[in-house]
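Visitor: I am new to this structure and would like a close look at a single part. Please show it to me before we start.

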Amino acid sequence: MLVEDQSPEAGSSVAFQLDCSPEGFKKSIINHLRYSLAHDPETATPIDWWLAMCLSARDRILERSSVNREQHRNKNVRRVYYLSLEYLMGRMLENNLVNLGMLDEAREAMQLLGQDLDMILEEERDMGLGNGGLGRLAACFLDSLSTLSYPAVGYGIHYEFGLFRQEFVNGRQIEQPDAWQGFRNPWQIVRPEYTVPVRLYGHVEMRFDTTGHGRPEWVGTKVVNGVPWDIPVAGYGCNLVNYLRLWESRATEEFDLSAFNRGDYVDAVGEKARTETISKVLYPNDTTEGGKELRLVQQYFFVACSLRDIIRRHFRSNDSWDNFADKAAIQLNDTHPAVAVLELMRILLDEERLEWDTAWSICQRTFAYTNHTLLPEALERWSVPLFQKVLPRHLQIAFEINKRFLENEVARKWPGDDSKLRSLSLIEEGNPKMLRMAYLAVVASHSTNGVAALHTKLLTAHLFKDFHELFPERFNNKTNGVTPRRWIKACNQELAKLIDSRIGTEWPNHLDQLRRLEEHIEDPAFRTEFMAVKHRNKERLAALILRRCGVEVSPDALFDVQIKRLHEYKRQHLNLLYILTLYRRLLNNPDLDVCPRVFIFGAKAAPGYWLAKQIIHAINSVGEKINNDPRINGKLKVVFMPNYGVTKAERIIPAADVSEQISTAGKEASGTGNMKLGLNGAITLGTLDGANVEMLEEVGDENIFIFGLTVEEVHDLWEKGYSSRDYYNNNEELRSVIDWLASDYFCPEKGAFDGIKHSLLDGGDPYLVLADYAAYCEAQGKVDAAYRDVDGWSRKAILNTARLGKFSSDRTIKEYAEEIWDLQPESD
C-alpha cells in the first residue's frame with residue numbers, strides 16, 4: 001500500500017513509494033537479506049533477520065526524512081539544537097516500528113517468513129550512549145520533538161564503548177567494555193563529508209596589525225577531527241524525522257608511515273590511538289588528573305563540532321550573523337556543554353571579528369540552560385591551570401566575561417558589596433582557582449530552568465539565589481516527562497491494548513486522556529483485567545530473573561522495585577537496612593505474617609565511586625544469604641539485575657508493584673523513573689522530593705506512600721546539629737541491623753562493609769538515612785497492609801496510571817518550545 005502525506009506548504013499529496021503492508025515489508029526484508037547482507041532466507045541467522053528488519057524500517061523512516069529536509073530548507077525554519085553529553089536510547093527497532101505504526105504489520109511479515117518477531121527483537125543491543133536519567137530524558141525529548149513536529153537536532157558523542165557493561169563477581173561490580181555496536185549498527189549513518197577539525201592545547205599570542213592594534217591568536221594547537229554519525233529519530237506517526245548527530249574523534253593522520261618503516265610499529269599508530277580516546281567511553285574515571293583532562297577535552301570536542309555544524313547549517317540558508325539567534329535555539333542539557341558559550345564567543349570575536357557587545361548579545365539570545373542537580377559537587381568546575389593547558393584562549397574569554405559581568409551587573413546591583421562579587425564570580429578563589437561552569441551557563445543564557453517545581457524553587461532559593469535576584473525573569477520551571485510511546489505502548493503492550501479498549505487510541509499523543517480511565521474504576525471486569533496484565537508482566541519478569549540471576553521468585557509476591565543510578569543520595573542503602581530489618585524479624589519469628597516480597601534492584605555505580613560499589617556488594621551479599629535461607633520460607637527475596645539499562649527497565653517497569661523513590665528531600669532534581677513506574681500502575685513509596693511532590697498532587701495522598709523529612713525539616717535538622725549516632729543509639733532495631741551488616745555474617749572478608757557503617761555513623765550520615773529509617777519502616781508496613789487488600793490495591797494502581805498523564809515529555813517539550821525556544825511545529 002502507499003502511505004500519503006498532505007504537504008503543508010504545497011497543499012498537494014506526497015505519495016510515499018515504500019509499501020508498509022505485511023507483504024510489502026516482507027519483500028523489503030528479503031531484498032535486504034539478499035542485496036545488503038548477501039544472505040537468503042535459508043542461510044540467514046537471527047542477527048541477519050534483525051539487520052534486514054532494521055534496514056527495512058529505516059528505509060521508510062528515511063523516505064519521510066527526505067521530504068522533511070526539503071520542506072525545512074525551503075522554509076528556512078528555526079530549529080532547536082539540543083546539546084547533551086549522553087542519550088540513553090535503548091533499542092531502536094521495536095520503538096521505531098511503533099512510531100511508524102507498523103508493529104502489527106512487522107509481526108505478520110515475520111510470521112509469513114517463518115520467524116518469531118519477539119525473538120528477533122532480542123538480537124538488538126542497547127545503544128551505549130548514556131547512563132542515567134539525564135540521558136534517558138534527552139532520548140524522550142528527541143521522541144517528543146519529532147512527534148510534535150518541532151525541527152530539531154540532538155548533538156552528542158559517538159562513544160565506542162559507552163559507560164561500561166556491568167558484571168557481578170562474588171557480588172562485586174566489575175566493569176567490562178560495552179561493545180554496544182557489535183558487528184554493525186544499522187541505525188547510524190556516517191557523514192564524513194561534514195567532518196569538523198577541532199583545535200586543542202597550544203597557547204595565545206598577541207598579533208599586531210600595521211596600525212599597532214593587537215589581537216589575541218590561538219596558535220600551536222593540536223588538531224583532532226570530529227566525524228559525524230547520524231541516527232534518525234522518527235516521531236509517533238512518523239510525521240517528522242529529526243536527527244541525533246554524534247561526533248566520533250579521529251586522528252588527522254591515521255598512520256605514520258615513516259615510523260612504521262623505521263620499525264616503530266606501535267608509534268606508527270600511537271597518535272591515532274591517543275586522539276581517538278576522546279570518544280572511547282562515556283564519563284571516564286575522573287579521580288585522576290588524566291581523567292579530568294579527558295573529560296574536559298570530551299566536552300569541548302563535542303560542543304566545538306556541534307557549533308561548527310550549527311553555523312554551517314545557518315549559512316547554507318542565510319548570509320549574516322544578524323539573524324543567527326532568530327534561526328537557532330541552543331539548549332544546554334546540564335552544565336557539561338557550557339563550554340559552548342566560550343567557543344561561540346571565540347568564533348565571533350576571533351574569527352568573525354565582531355565587537356564584544358554584538359557577540360555577547362548573540363550568545364545570550366541563542367543559549368538556554370537546564371540545570372539537573374542540586375548537589376554543588378555535581379556542578380562542573382574546572383581548575384584554572386587545567387583549563388589554561390587545554391583551552392588557553394577560552395580561559396581568557398571566561399575571565400573577560402567574568403570581569404564585565406561583575407562590573408556591569410553585580411557591582412551596579414550591590415555597590416560596594418565584595419561578598420556578592422565573590423559569591424557570584426565565575427572564578428572561585430582558592431588554590432587552584434576554579435572556573436564555575438554552571439555560573440557561566442546562567443550568565444550567558446536568556447533562560448535557566450529547573451526540572452520539577454520543588455527543584456526550581458530550591459534553585460532560586462539556594463543554589464542560584466543571588467542570580468535569581470539579579471535576573472528573576474530568566475528563571476522558570478519545566479517539569480520533566482517521559483514518552484508514553486516507549487514507556488507504555490512499546491514496553492507494556494498488553495496494558496496499551498487494554499487502555500485502547502476503554503478510551504480509544506489517541507492517548508499516546510494526548511496522555512491527559514488517561515484520566516478517562518477513572519470512568520471505568522467501578523467496573524470489576526476492568527480492575528480484574530488491569531491486574532491480570534500486571535500479573536502476566538510479573539510472570540515474564542520472574543522468568544527473566546531466573547534466567548539471568550538464578551533466583552526463583554513468585555509472581556504472586558509483591559515486587560518492590562528500586563531502579564536508578566547508584567548514589568548515596570538515592571539511598572539504596574536505606575532500602576537495604578529495611579531488608580535487613582525484615583529478614584531479622586523473620587528469623588526471630590518465622591511465622592510472622594508478612595506479605596511475601598521480592599526486592600528488585602538495578603543500578604550501576606561510577607567506577608571511581610567506591611562507597612556506591614560497596615553498597616552494591618552489600619545488597620548482593622545480603623541477597624545471597626536471604627535467597628538461600630530455608631528458615632524464612634521464601635517470604636523474602638532480593639534480586640540485583642546486572643547491567644541495568646533501558647531494555648532491563650522495559651522488562652521491570654511493567655511488572656513493578658511498588659516504586660521506590662526514597663532520595664533525601666531536596667537532593668533529587670526530578671526523577672523520571674517515578675513517572676514511568678507510576679504510569680504502568682506501580683504505587684510510589686517516596687519522600688517529598690523532586691517530581692514526587694507533583695505526583696502526590698496528581699494522584700492524591702491515598703494513592704501514594706509518602707514518608708520522611710521534608711526539605712524544611714532537613715534544613716532545620718542540620719541547623720540544630722544532626723547526630724546520626726543518636727538515632728543509632730536510641731533505636732535498638734536500627735543498631736542491630738547496622739552492626740549485623742558490618743559483621744562477617746554476610747561476607748567472610750573482614751571489614752567488607754565497614755565503609756557503609758562509617759558513612760552512616762562516623763561520616764555523619766550526609767543523606768540522613770538514619771533520620772528517616774523509622775518513618776521508612778512504618779511506611780513499608782502500610783505498603784504491606786495495603787497490598788493485602790486486592791481490590792483496594794487495584795484501584796490505587798489504576799488511578800496512578802489514570803492520573804499521571806501530566807508527566808508526558810510532550811507536555812514538557814511544548815512548554816520549552818512556547819516559553820523558551822519560541823519554536824513552531826513545522827508539519828501536520
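Visitor: Which residue takes a positive phi just after α2? Please begin there, then go on to a pair of helices.

Guide: The model is a predicted one. The residue is N76, with a positive phi of about 50° just after α2. Helix α2 itself covers residues 46-75. Its 30 residues, at 1.5 Å a residue, should span 44 Å, and the C-alpha atoms at its ends lie 43 Å apart, so the two values agree.

Now to the pair of helices. Helix α23 runs over residues 572-588 and helix α24 over residues 610-627. Their axes are 10 Å apart and meet at an angle of about 20°. Angles under 35 degrees count as roughly parallel, and α23 and α24 are therefore roughly parallel to each other. The crossing in which α23 passes α24 is left-handed. On the α23 side, the contact is made by Q572, H573, L576, I579, L580 and Y583. On the α24 side, I615, A618, I619, V622, K625 and I626 take part. Sorted by class, this contact of α23 with α24 has nine nonpolar residues, two polar and one charged.

Aromatic rings are a further topic. Across the whole structure, a search finds 28 aromatic pairs. One of them is formed by F464 and F475, a tilted pair with 6.4 Å centre to centre and 50° between the planes. F464 sits in the loop between α18 (453-463) and α19 (465-470), while F475 belongs to strand β19 (residues 475-477). The two residues are 11 residues apart in the chain.

How values were computed:
Residues are numbered from 1 along each chain as its sequence is written. This is a predicted model: local features need pLDDT of at least 70, side-chain atom pairs count only at pLDDT 80 or more; totals for chains, interfaces and linings use all residues. Side-chain values use heavy atoms; hydrogens and water are left out. Axes are lines fitted to C-alpha atoms, for helices over the stretch in contact, and angles run from 0 to 180 degrees between N-to-C directions. Helices (H or I, at least four residues) and strands (E, at least two) are DSSP runs, numbered from the N terminus. Angles under 35 degrees count as roughly parallel, over 145 as roughly antiparallel, 65 to 115 as roughly perpendicular and the rest as oblique. A crossing is left-handed if the near helix is turned anticlockwise from the far one by less than a right angle, and right-handed if clockwise. Contact means heavy atoms within 4.5 Å. Ala, Val, Leu, Ile, Met, Phe, Trp, Tyr, Cys and Pro count as nonpolar, Asp, Glu, Lys and Arg as charged, and the others, Gly among them, as polar. The expected span of a helix is 1.5 Å times one less than its number of residues. Rings of Phe, Tyr and Trp (its six-membered ring) pair if their centres lie within 6.5 Å; planes under 30 degrees apart count as stacked, over 60 as edge-to-face and the rest as tilted.
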